[in-house]
Amino acid sequence: MMMRCQHCGHEVPEGSVFCNRCGYRLNTEITCEYCHQPMPAGSVFCPHCGKAASNAMSIASAHTAAEQPKAVTYNQQRQQQQRLAAQQQQRRAENAWKSQPEEDDDDQDGNDDGGKSNFDRNLIIGIVAAVILIALLSLMRHCNSRENDRLEARADSAALVADSSQDPMAIFNAELSRNNLTDDKAYVGCAIRFASTDPDTPERIVGVTYKEDTDRPFVKIYTLTHDGAQWKTELGQTKYFDGRTIIMDNSSLIADAMNVPRAVTVDGKQCLYFAFLNHLKGAGEGNNGRVTLCLYDIDAKRLTTLTYDGQIRARTDGRQYVYCRGPLENTSSSERTFLRQEAASIGAIKVATQEEIDAEEEAKAKEEEEKALAGEENADAKWDHDNADNMDKLKEGEEVHMKPTQYDKPIINMKEIKDKLENDRYLVFSDKKGSVVGFNKSSRKYFVIYAGKNGPATGISFNGDNSVLIKTSGGNITYDLVHDRAKNAN
């Protein structure tokens, strides 16, 4: 294969970089001055935009294509270039005149910018039209897809109705979705099938949804009735539990899945029985918790509840339960009697026995008593309470070990002091009420020596280094300050 030098027209081997006759550098590719796209060297017209090429290489190629291949001088080539350039200029003017509207005739004497502008404008319009067409096709495809989804959902629903062995939970979920009843973002707690008992009673599914942790948690009960062709969905009850967290699963209830939930008949009425926890928000062990048992009469659309409320405690296996004394409501009705019987099978409920109740009452009374005797202001009352048996034994002549309580703050009103004793280890005071109080200088603690249960103290004195003689209307008592021992001194 041979190619021609664009400078002298001499044939040179293809792939040469320089002409082997005139030494001119050869270009195998040039750029269109109009669309700026690359095109092969020697092109007379641009293959991309169709404009005539006005470079020396293309002119030389046009010249050699019209004549027999032969060498030309530089002056001859120059003349040919000028002649071709004039032809190209005339051709561009004619194209520009044809592409301009009639009212723009006066602008035809310019260069070919008008043609290029029209081409760019037409290109942009074409691109915009293509984008709009693609968008319309995409929208139509999306609409068709949604319509197909609706048709498939209806077909699926029809299939669920047709298949009597279909899981009621699946039917319940599908019907809630088909009827746009899932916007509340509630969970499905249960769905139970109620078979037809006679020709006049349709097949039904009763399901429960719940919202577990919102500003207003709730439980909703729906009834799905099969009319022979499809399911009809109806909301029967909505119950709110403000400020509480709903938990509806058998693991938390510590209950057998065969027992909760289930279809039951109470007094000849078809009912759904289910249960759930509804603790206070953020409640943990030691706080208040609740277990609610429910019986829903399908025909009457009536919900009966029984609530067990009490302290949350932990089992040995770590699971929590509600410790209570029984349900909050009375159980006089047949519905609540049924629910109370069912409560025994739920491990999350622990009803206290009478022995446990008695023990709790005793512990509670003791705690309240100790609370009432706490504090410096109740020092005398606490001493009388703690030493009641000792004072009885003291009357009988026994020597007893007293039970004093130590206090960091004064337990006697200094303005009420009647007598005062002091040695290197103790201070002893008696007040106008007849009580005697000691103060240990080493430990800096106050303690009651005598609270006046056998009559008010009428006088005090040291009986040895660390023993106090207390005179009372009921007799004299000697109190050993070091060993807290007392005996009659009559």
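Is Glu370 buried, partly exposed or exposed, and what is its relative accessibility? Glu370 counts as partly exposed, because its relative accessibility is 48%, and the class runs from 20% to 50%. Before going on, I should say that this is a predicted model.

Let me stay with Glu370 for a moment. Glu370 sits in helix 7, which covers residues 354-373. Together with Glu367, Glu368 and Glu369, Glu370 forms a negative surface patch.

Now the helix itself. Helix 7 has 20 residues, so at 1.5 Å a residue the expected span is 28 Å. The C-alpha atoms at the two ends of helix 7 are 29 Å apart, which agrees with that expectation. After helix 7 comes Gly375, with a positive phi near 95°.

There is also a nonpolar patch on the surface. Ile124, Val128, Ile132 and Leu136 make up this patch, and its area is about 360 Å². Take Leu136 as an example. Leu136 belongs to helix 3, residues 113-162. With a relative accessibility of 47%, Leu136 counts as partly exposed.

Next, salt bridges. How many salt bridges does the structure hold? The count is 21. I will go through three of them.

The first on my list joins the side chains of Arg262 and Glu342, with 2.9 Å from N to O. This pair links distant parts of the chain, since its partners are 80 residues apart. Arg262 is in strand 10, residues 262-266, and Glu342 is in helix 6, residues 334-343. Are the two partners buried or partly exposed? Arg262 has a relative accessible area of 22%, so Arg262 is partly exposed. Glu342 has a relative accessibility of 13% and therefore counts as buried. The cut-off that separates them is 20%, because buried means under that value.

Next is the pair Asp386 and Lys382. Their closest N and O atoms are 3.3 Å apart. Both residues lie in helix 8, residues 379-386, and they are 4 residues apart, about one turn of the helix. Asp386 counts as partly exposed at 23% relative accessibility, and Lys382 also counts as partly exposed, at 23%.

The last of the three is between Asp297 and Arg302, where the closest N and O atoms are 3.8 Å apart. Asp297 is buried, because its relative accessible area is 5%. Arg302 is partly exposed, with a relative accessible area of 39%. This pair is also part of a wider arrangement. Which residues are linked in a network of salt bridges? They are Lys269, Asp297, Arg302 and Glu335.

Let me turn to the backbone. Most residues other than glycine have a negative phi, and most peptide bonds are trans. With that in mind, here are some places to look at.

Where is there a cis peptide bond? A cis peptide bond joins Val260 and Pro261, and its omega is about -5°. Pro261 is in the loop between helix 5, residues 250-253, and strand 10. Strand 10 is the strand that holds Arg262, which we met in the salt bridge with Glu342.

On the other side of strand 10 we come to Asp267. Asp267 is in the loop between strand 10 and strand 11, residues 269-280. Asp267 is not a glycine, yet its phi is positive, about 55°. Asp267 is exposed, as its relative accessible area is 56%.

Asn180 is another residue of this kind. Asn180 has a positive phi of about 55° and is not a glycine. Asn180 is placed in the loop between helix 4, residues 168-178, and strand 5, residues 187-194. With a relative accessible area of 59%, Asn180 is exposed.

One more residue, and then I am done. Lys395 is in helix 9, residues 388-395. Lys395 has a relative accessible area of 57%, so Lys395 is exposed. How far is Lys395 from Gly474 in sequence, and how far in space? In sequence they are 79 residues apart, while their C-alpha atoms are 9.1 Å apart in space.

To recap, we started at Glu370 in the negative patch with Glu367, Glu368 and Glu369. We then looked at some of the 21 salt bridges, and at the cis peptide bond between Val260 and Pro261. That is the end of my part.

Note on methods. Residues are numbered from 1 along each chain as its sequence is written. This is a predicted model: local features need pLDDT of at least 70, side-chain atom pairs count only at pLDDT 80 or more; totals for chains, interfaces and linings use all residues. Side-chain values use heavy atoms; hydrogens and water are left out. Patches are made of residues with over 30% relative accessible area and no salt bridge: like charges are joined within 9 Å, nonpolar side chains (Val, Leu, Ile, Met, Phe, Trp, Tyr) within 5 Å. Accessible areas come from the Shrake-Rupley method with a 1.4 Å probe; for residues, only the protein chains shown count as cover. A salt bridge is a side-chain nitrogen of Lys or Arg within 4 Å of a carboxyl oxygen of Asp or Glu. Lys and Arg count as positive and Asp and Glu as negative; His and the chain ends are not counted. The place of a charge is taken as NZ of Lys, CZ of Arg, CG of Asp or CD of Glu. Buried means under 20% relative accessible area, exposed over 50%, partly exposed in between (1.4 Å probe, protein chains only). The expected span of a helix is 1.5 Å times one less than its number of residues.
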